[in-house]
Protein chains: 2
Amino acid sequence: MYEPFRDPTLTPRERVDDLLRRMSLREKIGQLNQRLLGWRAWRRDGEGISLTSELDDELARWGGLGALYGMLRADAWSGRDWETGADPARSADVAAAIQQRVRAASRWGIPALFVEEAPHGHQALGSQLLPVNLAAAATWRPELLEEAAAHVGAELAARGAHLALVSGLDILRDPRWGRAEETFGEDPLLAAHFTRALVRGLQRQAGIGAVLKHFAGQGAGIGGRNSSGAPLGPRELAEIHFPAARAGIDEGAVGVMAAYNDIDGVPCVADRTLLTDTLRDDWGFEGIVMADMFAVDRLMRATTDAAHAGAVALRAGVDLSMCDLSFTELELAVERGLLTEADVDVACARVLELKVRLGLLDGDPPRVAFPSPTPDIAEAIASASLVLLRDERGVLPLPREARVAIVGPNADDVEALLGDYVPPLPPGVASSIREAIGRIGGIDPPFEAGCALTEPIDGGLERAAAVARESDAVVLVLGSSSGRSYDDDFQANGAAALGGRPPGATTGEGFDVAEVRLPRAQRDLVEAVTGAGVPTVAVIVSGRPLGVEEVLDRCDATIYAWYPGPQGGQAVAGALFSQRDWTGRLPVSLPRSSGSLPVTYNERLETTLRYVDGDAAAVVSFGAGARDDRIRLSDPRGPLRVAWRELPGTVVSVRVRNDGARAADVLVQLYARARVPGILPRRAVLVGFAHERIEPGSTRRAEMTIDRDARTGFEEGASGLLDLWFSTTGAGEPVDAITIEVC
Amino acid sequence: MYEPFRDPTLTPRERVDDLLRRMSLREKIGQLNQRLLGWRAWRRDGEGISLTSELDDELARWGGLGALYGMLRADAWSGRDWETGADPARSADVAAAIQQRVRAASRWGIPALFVEEAPHGHQALGSQLLPVNLAAAATWRPELLEEAAAHVGAELAARGAHLALVSGLDILRDPRWGRAEETFGEDPLLAAHFTRALVRGLQRQAGIGAVLKHFAGQGAGIGGRNSSGAPLGPRELAEIHFPAARAGIDEGAVGVMAAYNDIDGVPCVADRTLLTDTLRDDWGFEGIVMADMFAVDRLMRATTDAAHAGAVALRAGVDLSMCDLSFTELELAVERGLLTEADVDVACARVLELKVRLGLLDGDPPRVAFPSPTPDIAEAIASASLVLLRDERGVLPLPREARVAIVGPNADDVEALLGDYVPPLPPGVASSIREAIGRIGGIDPPFEAGCALTEPIDGGLERAAAVARESDAVVLVLGSSSGRSYDDDFQANGAAALGGRPPGATTGEGFDVAEVRLPRAQRDLVEAVTGAGVPTVAVIVSGRPLGVEEVLDRCDATIYAWYPGPQGGQAVAGALFSQRDWTGRLPVSLPRSSGSLPVTYNERLETTLRYVDGDAAAVVSFGAGARDDRIRLSDPRGPLRVAWRELPGTVVSVRVRNDGARAADVLVQLYARARVPGILPRRAVLVGFAHERIEPGSTRRAEMTIDRDARTGFEEGASGLLDLWFSTTGAGEPVDAITIEVC
C-alpha cells in the first residue's frame, strides 16, 4: 500500500500532512512530549544493554514517542558513570535499540528525536569537552568554536543523536547568575557571532540540529537569581536579548528553547507575542520551540490545572515540552475546549517536519565511526581565551628556569577547570594547572592551596607566604568552581540544590551568589602571598566575572582564564612560559562588587559617576585586555552619509601599525554611539570586530563592516548621527571618532 | 476696551484663546520657560528688598515670564540663609514686588507662576518642616499627611506662592538610590494614598497647586544611580510605577513633573507615549507637564542642537521647562520647521489656563496671615512613623528612672533627623534624640558617639562600651544623614556633588551608595556596645532602608525612625519611655545587602530561595513591624465570585480580636495574589489597609474594600482566581486566604 508519508520524493509538508490525517489525537500529543528522562529508558546489562519498562510504558501510553532527552547523559545528576553509562563504543547501540522499540510502538513507525545536552561538548562519556561558552567568547574567534562544534556534532551523529541543546542566547546582564559561564557574555553582537558558529558547526558541518537556549531575556533575571523575571521593555529586548536568537535562526537553527523566566510578567513558555508573533511571524522561524525542563508545569503557579497550563503554553507557541505533566494532559485540554485539535496539529506538524528534514522517516542512517578526540581545538580555544588584564611590569612570560611556586585553591583542581554540565572524564584526559606547569618545568613545583574557595584553611596563609618567599615567582590560581559531586542534591530539573551543608561549588546552574567580589578567604590569600614580595601572576579560573580589584592592585600580572576545559591547565601553563600575543578580550565587564551592578559597557549614558562609597564603573570593562604597546591605530575613515537601511555592511577602516620587532596578532574592535534625537544613547555598542596580523614595522589599513547582527540604533528608520571609533581594548569613551550621518 | 481674557465670567479656555490670539510667538515661548533661579530675582537690601537686573533681563527677553522657581528657597545650594533669605514676614513682599515687575513687563499683564520646593515642608526660612515622605508612609495614615500638607499649603499661600513641587510618584525599587527618603516606599498603593493626601491637603484645602514628581519610573533606575535608566516593560510600569500618578491626577493634581530617567531608552521628557498618550489621552490629565531641572538639555546627549532638543520635548508633551537652554530656543525651532506655532500654542494654553484657574489673571489675592507653626502634626507623623522591628524580650518602654546611656553617630545630630531639601532652621526649633531624652529624664544622659557614620573614631568603641557598662540601658542611634553644608559643592541642578573629600552625608539626592548594609564602622559599634551586656535599644535614623541584620541580631529592641524631622527627637524619646501601640509599619523592605537586591515584597514568584552565600529574601519585609501579641485575626470572608470590573470596591472582612487589657490600635493589611493563567503572579500585592481600634477583650469585624488604586492583576478583563489574606505584619506567604473567582 502506498503511504505518502513514507515517500521521500514528496515535500516534508506533504508527508507530514499525510501523517497527521492518519494519527489519533493521542498519537499526536505523544509527539509533543519528551517526558521520560533518556537515561531511564535503558540500562547496562553486563556488557550489553536492556530497555526498561519505563520506556515501554511511555511508548504504550502514546503509541510512540516525540523525543527522548538525555539518553546518553552522564553526570552526577543522572547518576550515570563509566560503570553504568554509555561510552562511545556503546552509544550507537543504545540509540539503535531504543529507536527500534520506538518505531515498533508507533502504528506509523515514527522514530523519536534524540536530544542531548551539549553546552560545551556533549555531556556524555568519552566526549571531547570544550571550554565553557564564556571562555569561547573571550577568544573573539567564532571560527574556533565552529570547528569545535563540528567535532561535537560528529560525535553526536556517531552516537545516533539528532538534536543538541546549546546555550548562546542568554546575554549576561547580571554576573550574580550561576549560569554566567554558559553565556557568550554581555554583548549581543559577540553572542550572535558565536551562536552562528554553533549552528554552522553542528548543523551545516555535522547534520545535528541545534536547539538554541534560552529564549529570551534569562540573562537579565532580577537579582541574578536563576530563572527570575526580567521586567524588560521591548527596546531593551530587541537591542540586547534578541540579536543572538535572530542570528541563530538566520543561520538555520532548527530549534529554540523557551526559557524559564517571565518577561514583564509573562513566562516565556506562555508568551505568544514572543514565541509566535516575534519568532515566527516577524523572523520567519519554521523550526520547533521546546520548553525548558518543567517550565510549562511552572505555569501552575497561576493555574493549578495542568491541562490548562499545557493549553496556555501550546497556544503561545511551545511545540515540544520537556518532562512536564502539563503536556501529557493536552487531550483533556482539547476535550474541555481549551484547545482545538487544529492547535495540536500545528505543533505536531512542526515536530514531524523536523523529523522528516533530519531524515528520521527514511530509515536508520548508516553508522559512522566515532571521531578521534580533538584536544588540539579545545586547547586552542582555551589558549586564545586567556585574557591578560594587566602586566605593567612585564613579568610575563615567566622564565622556564625560574623556581615557580604554585598557590591557590584552583591551582591543583581539575574539576574547577571544567564548568557545569560535564560528564565524568576518563583518567589522564585533563590536568590541573599545577600538573601542567610541572610538565613544562620537568619538576614538581612547590604547591600550597592556601585557602578553599570561600573558606580559610588552618595555617594556609602562612604556608602559602612561606612557599612564595622561597620562590622566584608565584602563580596564584584563584576563582570559582562549578564542580558537582555524585553526592550532591539536585532539583527536579537537574540544577544543583543548595542544601544545608556548605556547597563546594560557587558557580553553575543553581549557584547564584549575592556578592560577586572574590571571596574574602581568597582576598586574604592575595594579601598574604603578595606580601612575600615575589613577582606574582594571578590566574582567575572562573565562569563568572568576579570583582578582582585587589588582585589587579596587588599582583604583578593577572590573567582571566574562565573555565578553560580539560586542556585548560596546559593552555595556561603554555601561556605563562611563552612569548605570545594576548588577543583574548573580556566578553563581560568585571564589576567592583554586587553593589555597583549593572556595569555592562553598553548601558545608556548616565550622569552619576560614582557612589558615595565607591566608583560606579566596572573595574575592567568589556572588550578590554592588556594593551599591546607596539600597536597604533590611526586615521579612521568612513562615509559621511548613509541611508539607515544600508548601514549594515557599510565599510569603515583604520590604519593599524605595528612598531614592534615581531609580527603581531591584533583584535580590532569597532564601537558605535547612535545619536538619535529623543533616544538616550548607549555609551557604546560593539558593531564589528576582526583579527588582523600585522608584520613588524609595517602598517595595514584594516577594513571592517558595520555588522548585520549589530543593533546600531538605526533599525527602525531613525535618522541622526552615528559616531564610530576603533579600539583594541574595549570601548572607553569615543576617541578619534568618525561620524556618519544616517538618514 | 473690552479684552475677553480679563473677563472672569468667561471660561478659562475662552480667556486663554483670546490671549493666544494677541500674543507674539516670543511671548508664548516666554510662558513655557522658568529659566531664572528664583532666589536670583531679588536680594535683601538692608531690611528691604530689591529686584535684580537678572530678573529684568529675563522679563525683557520674553515680554513677561512663565514661571519662577525657588524664589523663596533657602538652603546650602541657593546660599540663602537667615541673613540673606526671605523669612515669613518678608516673603509676601518679595512675591508681590516680583509679580508687579512681571506684570509690568507683559503687554497683557500676565503674572508668573511662583513655584516652590516642598518635598516635606516648604524649603524656606521659618517653614514647618515635616518628616520625610518615607517616614510619612511608615505611619500608613495618609490623613496625617493631608493635615500637614494643608498647613504647608497655607504657608505657601501666605507667602504668595502658587505651585508646590512634591514627591510621591517615585516607587523605591532600589534602596541604593540616594533619594529613597523622598519616596513613599516600594508599594504603589501606599504611594497612591499618600499622593492623594498631598493633593487634597495642598490643593483642596489650601488652594496651592500640586506638581507631582517624578513621572515616571525613576525609583527603578538601574544600579540605584540617580536618574539612570529604567528599561522597564509596560506591565511593570502600569502595575508598579503608574498607580500613584494616576491617583494624584484623579485627585485633581494640576501638574506633573517629567523625570530625568529614560524608560527603555526614551527619556521621560522626550516620551510622547508617556506624557501624551498615557497621561492625557488615557488618563484625561489636563494640567501642565513640567520638566525636571535641565532635563530637556540632557536630550543634547543625542542631539547637540538645543532647538532640536526643545522641539523633541515640547512635541512629546513637556509644557514648562526648568532652567533649560533648549526651551529658550523654541523660536528657532519653529523657524526651522521642527515645531509649528500651533505646537507652542498647545503648551502655552495649558500654562495660561492654569494661571487662570489659580486666579492669577484676576488681580492679587488678599494677603493672608502666615499660619502659626504646627509642630504637633509634625511630631504626630514622626511618632506614628516609628517602626518597632523587634522587642522580643520586652525591654520597651524603658523605665523613666533608668540610667540610660546615649550612644551612636546620630544620637546628638539634629541635621541627621531632617533629610535632604531643608532650609536652615532657627535655633531651638529642633532637638536631637539625646537632648529630647535629656528633657524627659530631667538630666543630661551620658553620651558617646562611638563612631562617625562611615568612619571609626579613635577610641570611640572603647568609650562607647565603657559608657554602656555603667548604665541600666543603652539607646544606640545609628543610620545615615542627608545633612548638607554651606561648604558643599553642588551640581547644576542643586543635587550635592560628590567631590574628592569624604562626604559627611550618605543619603539624599546625589548620594547613592553601592552597599546598603549598615557601614562597618557602625556594625563594629553595635558589637562593642552590645558586648557590654546591658539592654540595648537601637534606633535607626535613615532615609534609606539599610541592611541592619546585625543590629536586629544583637540589640534587644530595634526601632526604625527614618528622618523624623525637627520634632523627631522628641517623638523618639517619647516612644522609648511610654506605653504605646506600635502601629508604624515598614513602607519598604530592609535588604540584607546590595547583593540580594531587589527584595521588594511584590516581586513575582521565583524558584530560587537563596544565594550560595546567603538568603535572597529581605531581612524584614514591607508591611512588617513587631507583632502585637494581643491581636488575633480570624474568619476572613468575602464573595465567591466577582466580575473583574467590580473588583475595586469589593468588600471583604476579618474578625479582629484584642486579648489584651488595654484598647489596641491595629493596622490591618489586605494582600492579594492574582492567579491569571499565563501571567506569573506577584508574591503579594497590597490591596487595602485600615487602622482599627479594638477595645480590650473584644472583637470587631473589620471591613475592607479592595482599593480602587490597587492593581490586582485583573484590570484588563482577565479572569482567574484572586487569593486574599489579612495580616498585621506584612504579606508573608498566604495564610488563611480566601479565594475569589474573578470573571
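**Exercise 1. Helix packing in chain A**

In this predicted model, helix H15 (residues 433-441) of chain A packs against helix H19 (residues 568-577) of chain A at an angle of about 50 degrees, with the axes 8 Å apart. Classify the pair H15(A) and H19(A): are the helices parallel, perpendicular or oblique to each other? Then give the handedness of the crossing of H15(A) and H19(A), and sort the contact residues by character.

*Solution.*

Step 1. Two packed helices are described by the angle between their axes and the distance between the axes.

Step 2. Roughly parallel requires an angle under 35 degrees, and roughly perpendicular requires 65 to 115. The angle here is about 50 degrees. H15(A) and H19(A) are therefore oblique to each other.

Step 3. H15(A) and H19(A) cross in the right-handed sense.

Step 4. H15(A) contributes A:Ile433, A:Ala436, A:Ile437, A:Arg439 and A:Ile440 to the contact. From H19(A) come A:Gly569, A:Gln570, A:Val572, A:Ala573, A:Gly574, A:Leu576 and A:Phe577. By character, the contact residues of H15(A) and H19(A) split into eight nonpolar, three polar and one charged.

**Exercise 2. The three-stranded sheet in chain A**

Which strands stand at the edges of the open sheet E21-E23-E26 of chain A? Which residue of E23(A) is the bridge partner of A:Leu633?

*Solution.*

Step 1. The order is E21-E23-E26 (chain A), and the pairing is antiparallel.

Step 2. Strand E21 (631-637) and strand E26 (699-705) of chain A each have a single partner strand, so one side of each is left without a neighbour in the sheet. These two are the edge strands.

Step 3. From one strand to the next, the twist averages 30 degrees.

Step 4. E21(A) pairs with strand E23 (residues 651-658) of chain A over five bridges, in the antiparallel sense. A:Val656 in E23(A) is the bridge partner of A:Leu633.

**Exercise 3. The sheet in chain B**

How many bridges join E23(B) to E26(B)? Which residue of E26(B) stands opposite B:Arg657?

*Solution.*

Step 1. Chain B has an open, antiparallel sheet of three strands, ordered E21-E23-E26. Its edge strands are E21 (631-637) and E26 (699-705) of chain B.

Step 2. Strand E23 (residues 651-658) of chain B pairs with E26(B) over seven bridges.

Step 3. B:Thr699 in E26(B) stands opposite B:Arg657.

**Exercise 4. A salt bridge**

Where in the chain do A:Arg336 and A:Asp305 lie?

*Solution.*

Step 1. A:Arg336 and A:Asp305 form a salt bridge, with the closest N and O atoms 2.5 Å apart.

Step 2. A:Arg336 lies in the loop between helix H12 (330-335) and helix H13 (341-357) of chain A. A:Asp305 lies in the loop between strand E11 (288-291) and helix H11 (306-316) of chain A. The two residues are 31 residues apart, so the pair links distant parts of the chain.

Notes:
Residues are numbered from 1 along each chain as its sequence is written. Chains are lettered from A and ligands numbered from 1 in the order in which they are written. This is a predicted model: local features need pLDDT of at least 70, side-chain atom pairs count only at pLDDT 80 or more; totals for chains, interfaces and linings use all residues. Side-chain values use heavy atoms; hydrogens and water are left out. Two strands pair if DSSP finds at least two bridges between them. Helices (H or I, at least four residues) and strands (E, at least two) are DSSP runs, numbered from the N terminus. Axes are lines fitted to C-alpha atoms, for helices over the stretch in contact, and angles run from 0 to 180 degrees between N-to-C directions. Angles under 35 degrees count as roughly parallel, over 145 as roughly antiparallel, 65 to 115 as roughly perpendicular and the rest as oblique. A crossing is left-handed if the near helix is turned anticlockwise from the far one by less than a right angle, and right-handed if clockwise. Contact means heavy atoms within 4.5 Å. Ala, Val, Leu, Ile, Met, Phe, Trp, Tyr, Cys and Pro count as nonpolar, Asp, Glu, Lys and Arg as charged, and the others, Gly among them, as polar. A salt bridge is a side-chain nitrogen of Lys or Arg within 4 Å of a carboxyl oxygen of Asp or Glu.
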